[in-house]
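User: I'd like to learn how to read a structure like this one. Could you walk me through the features, starting with the core?

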Amino acid sequence: MGDTTSGAPEQGHVGRRTVLGGVLGAGALAALTGRANASVSGGGDDVEHGVEHGWGKVADAFRANFRNPGEVGAACSVYVGGRPVVNLWGGLADREAKRPWRRNTIVQVASTTKGATAICAHMLVQRGELDLDAPVAQYWPEFAAAGKEQIPVRWLLSHQAGLPIVDGPLTFEQACAWHPVIRALEAQKPLWQPGTEHVYHSVTFGFLVGEVVRRITGKSLGTFFAEEVAAPLGLSAWIGLPEKEERRVARIHYAAPFSLEELKAGLIAITGLDADTVTAWVNAVWAPGSVQARAGELGGALDNTSDYPSTRAWRAAEFPAANMLADARSVARMYAATVSDVDGIRLLDPPTIEKMTVVQTDKTPMHGLPPGLNLPADRSFNMSLGFWRSCPPMPLVGPGSFGHPGSGGSGGFADPGAGVGFGYVTNLWNFRPDDPRAANLVKAVRACLG
């Protein structure tokens, strides 16, 4: 259940690694070519857990993930009816240092962050402070420039605003400072007539939604999340990590690169689409210089040949599309609180969930596809208002499930009918579309639910 990453196919291998990118959950569609440094286990014998009776299949699947090619370190948590039934962790937080993964280890979860950001936005909708059909410019007047005056808030959440890239140039320091990115987005002209197409807004999603939240509340997205979500629920999760928490951070390791042919084969297997369709899709979306290939670069600020994800500057900044650090318990507990009371806390009510989980990307074509290419949303990008919906490539618990995957393999989701909140985090970032780790855990959850 990974997020896809952007990057152009290069010399027969999947293109440049980026923390963010993406068009399809269930593994990264475009991954690293030169960062092959992990295909070994962190050691399944090191797994520690708290598992209630009847949930042993999840523990079995978690241990199995450590077999070759295996995990380095990981954690998984499941809540049902507002109560924890699974809490698993194991392996190594840092393979080189042989530092074990502990109960309080946290790790970057990439685009799993988007789910937390969307929850914040819908909390404001629920309170009557944010109207999804109002123009963004009603809350953020400067956004109206360059023909954007009629874009409604809902198109920011559904990746239909036409703003997946920033022309730039921007530096990494400017991106970390927030406001230079906002000024750039204000001046940016949409790449298409907003509302008529969609494409994954890999990084800009967080700035667009985060700035609307900031204009309404006077708080940055990271601050709003900390005060309104993390603190009441007692989460170990941050969008903008305090320095005192650095000691808990797991080191990211990268799985081996893979060929374009392996990418296509993986997509065919998980989507059920024919080979010609998948080939045309991959060639269009990840061609050199394509919009999706540029979406993770943020106008040059994010050099995906560098190791910026391991820097203190990156972790301290707020990138509400991409840089939350959390443990699995916190991801699962957050999602559980959208569909159940968790120790007296309920973040979202059923009417809000019903409205926010209506799929939007089945109404518009994906930007950049060749004319006539049929790419159903439920086989490619089944996006509602900030959340992926359950679909054949990412079945989750059932048809009502909603959540968000993260590049490299992490993910979280909720299911209203089953009352489930699920979280999985890992420091072995595997970008293959057919990465089985989270999928195996979710399959085990379904089996335990019966």
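Analyst: Happy to. Keep in mind that this is a predicted model. The largest nonpolar core has 82 residues, and Phe-225 and Leu-298 touch the most other members. The element that gives the most to this core is helix H13 (residues 328-339), with eight residues.

User: Which residues is Leu-298 in contact with, leaving aside its neighbours within four places in sequence?

Analyst: Val-166, Leu-170, Ala-175 and Val-181, then Val-203, Thr-204, Phe-207 and Phe-319. There is also another core lying apart from the largest one; it has 54 residues, including Phe-62, Tyr-254, Leu-273 and Val-397.

User: What does the protein chain look like in overall numbers?

Analyst: Its secondary structure comes to 15 helices and 14 strands. Of its 450 residues, 62% are buried. Then look at contacts between residues at least 6 apart in sequence: 71% of them join residues at least 24 apart. As for the outside, the chain exposes about 15,000 Å², and carbon and sulfur atoms supply 50% of that.

User: Okay, strands next. What should I expect of side chains in a regular strand?

Analyst: The general idea is that they alternate between the two faces of the sheet. Now try strand S13 (420-426). Val-420, Phe-422, Tyr-424 and Thr-426 sit on one side, with Gly-421, Gly-423 and Val-425 on the other, and all of these are buried. Seven of the seven residues of S13 are buried, so the strand is largely enclosed by the rest of the structure.

User: How many bridges join S3 to S13, and how many does S12 make with S13?

Analyst: Seven bridges join S3 to S13, and the two run antiparallel. Cys-76 stands opposite Tyr-424 there. S12 and S13 also pair in the antiparallel sense, over five bridges, with Phe-413 opposite Phe-422. S12 and S13 form a hairpin with four residues between them, and Gly-419 in the turn has a positive phi of about 65 degrees.

User: What is the strand order in the open sheet of three strands?

Analyst: The order is S6-S9-S7, and the pairing is antiparallel. S6 (107-108) and S7 (237-238) are the edge strands, each pairing on one side only. S6 pairs with S9 (residues 325-326) over two bridges. Within that pair, Gln-108 has Leu-325 as its bridge partner in S9.

User: Now a helix. How do I read one that packs against other elements?

Analyst: Check its length, then see where the buried residues point. Helix H15 (residues 437-449) has 13 residues and reaches 19 Å from its first C-alpha to its last, close to the 18 Å expected at 1.5 Å a residue. Arg-437, Ala-438, Leu-441, Val-442, Ala-444, Val-445 and Cys-448 are buried in H15. Seen down the helix axis, the buried residues of H15 fall within an arc of 155 degrees, so they line one face.

User: What covers the buried residues of H15?

Analyst: The cover includes helix H1 (56-64), strand S3 (73-80), strand S12 (411-415), S13 and strand S14 (428-429). H15 is followed by Gly-450, whose phi is positive, near 80 degrees.

User: Speaking of phi, what should I expect for backbone angles in general?

Analyst: Most residues other than glycine have a negative phi, and most peptide bonds are trans. That makes exceptions a handy thing to look for. Lys-98 is one residue other than glycine with a positive phi, near 55 degrees. Ala-110 is another residue of this kind, with phi near 50 degrees.

User: Where are these two found, and is each one buried or exposed?

Analyst: Lys-98 is in the loop between strand S4 (83-94) and strand S5 (99-100), and it is exposed, with a relative accessible area of 66%. Ala-110 is in the loop between S6 and helix H2 (112-126), and it is buried, with a relative accessible area of 0%.

User: And which peptide bond is cis?

Analyst: The one from Gly-168 to Pro-169 is cis, with omega near 0 degrees. You'll find Pro-169 in the loop between helix H4 (153-157) and helix H5 (172-176).

Notes:
Residues are numbered from 1 along each chain as its sequence is written. This is a predicted model: local features need pLDDT of at least 70, side-chain atom pairs count only at pLDDT 80 or more; totals for chains, interfaces and linings use all residues. Side-chain values use heavy atoms; hydrogens and water are left out. Two strands pair if DSSP finds at least two bridges between them. A nonpolar core is a set of buried Ala, Val, Leu, Ile, Met, Phe, Trp, Tyr and Cys residues joined through side-chain atoms within 4.5 Å. Buried means under 20% relative accessible area, exposed over 50%, partly exposed in between (1.4 Å probe, protein chains only). Contact means heavy atoms within 4.5 Å. The expected span of a helix is 1.5 Å times one less than its number of residues. The arc is that of the directions from the helix axis to the C-beta atoms. Accessible areas come from the Shrake-Rupley method with a 1.4 Å probe; for residues, only the protein chains shown count as cover.
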